[in-house]
Amino acid sequence: MNTGKRLLPLFLPLIVAAAIITPLSTAQAGNGEALFMGRCAMCHGADIKGTGPLARKSDPPTPDLTTPAFKRRLAEYPGVIVSSVILRPNGDLIPRTLKENGYKLPPHAWSVKDFRDLNDYMVAVINRSK
């Protein structure tokens with residue numbers, strides 16, 4: 001009997017699961033990237049190194065998020081660092097910097113998934129920048 005025909009039924013569930021999971025992880029990455037580019041990149045830059053157009057217009061200047069210390073914080077507290085900055089943006093530093101420079105962000109109803117997706121996106125960018 002053909003070995004391939006016998007193994008196909010065993011691996012079919014794995015193949016189907018991989019096909020289903022792949023688009024989901026791509027969607028999550030897309031959500032994290034969209035959130036970052038739309039709400040963070042103006043200060044942190046697309047490279048997340050603090051190179052955005054508003055990076056030097058805040059006091060203190062926007063930090064480089066690719067440093068080993070920040071990478072460690074993201075790994076140790078996934079989603080917590082991101083959510084704490086978003087929910088309490090350094091007092092009024094972020095909203096004030098945006099307002100003073102004419103940036104208007106529409107309100108966003110943040111979800112736990114958004115925080116996780118944003119965290120995952122930032123970790124992926126940091127890992128690519130090695």
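This report describes selected local features of a predicted model.

## Helix H5

Helix H5 covers residues 93-100, and its buried residues are Leu93, Thr97 and Leu98. Viewed along the axis of H5, these buried residues lie within an arc of 125°, so they line one face of the helix. The partner they pack against is helix H2, residues 41-44.

After H5 comes glycine 102, which has a positive phi, near 75°.

## Asparagine 31 in helix H1

Asparagine 31 belongs to helix H1, which spans residues 3-39. Leaving aside residues up to four places away in sequence, asparagine 31 touches Lys113, Asp114 and Asp117.

Another pairing concerns tyrosine 121. In sequence, asparagine 31 and tyrosine 121 are 90 residues apart, while in space their C-alpha atoms are 8.6 Å apart.

## The loop between H2 and H3

Two backbone features are found in the loop between H2 and H3, where helix H3 covers residues 68-76. As background, most residues other than glycine have a negative phi, and most peptide bonds are trans.

Isoleucine 48, in this loop, is not a glycine, yet its phi is positive, about 55°. The relative accessible area of isoleucine 48 is 0%, and buried means under 20%, so this residue counts as buried.

Proline 60 is also in the loop between H2 and H3. The peptide bond that joins aspartate 59 and proline 60 is cis, with an omega of about 10°.

Definitions and conventions
Residues numbered from 1 in each chain as written. Predicted model: local features only at pLDDT ≥ 70, side-chain atom pairs only at ≥ 80, totals over all residues. Heavy atoms only, no water. Buried < 20%, exposed > 50% of the residue type's maximum accessible area, 1.4 Å probe, protein only. Helix = DSSP H or I, 4+ residues; strand = E, 2+ residues; numbered from the N terminus. Arc of directions from axis to C-beta. Contact = heavy atoms within 4.5 Å.
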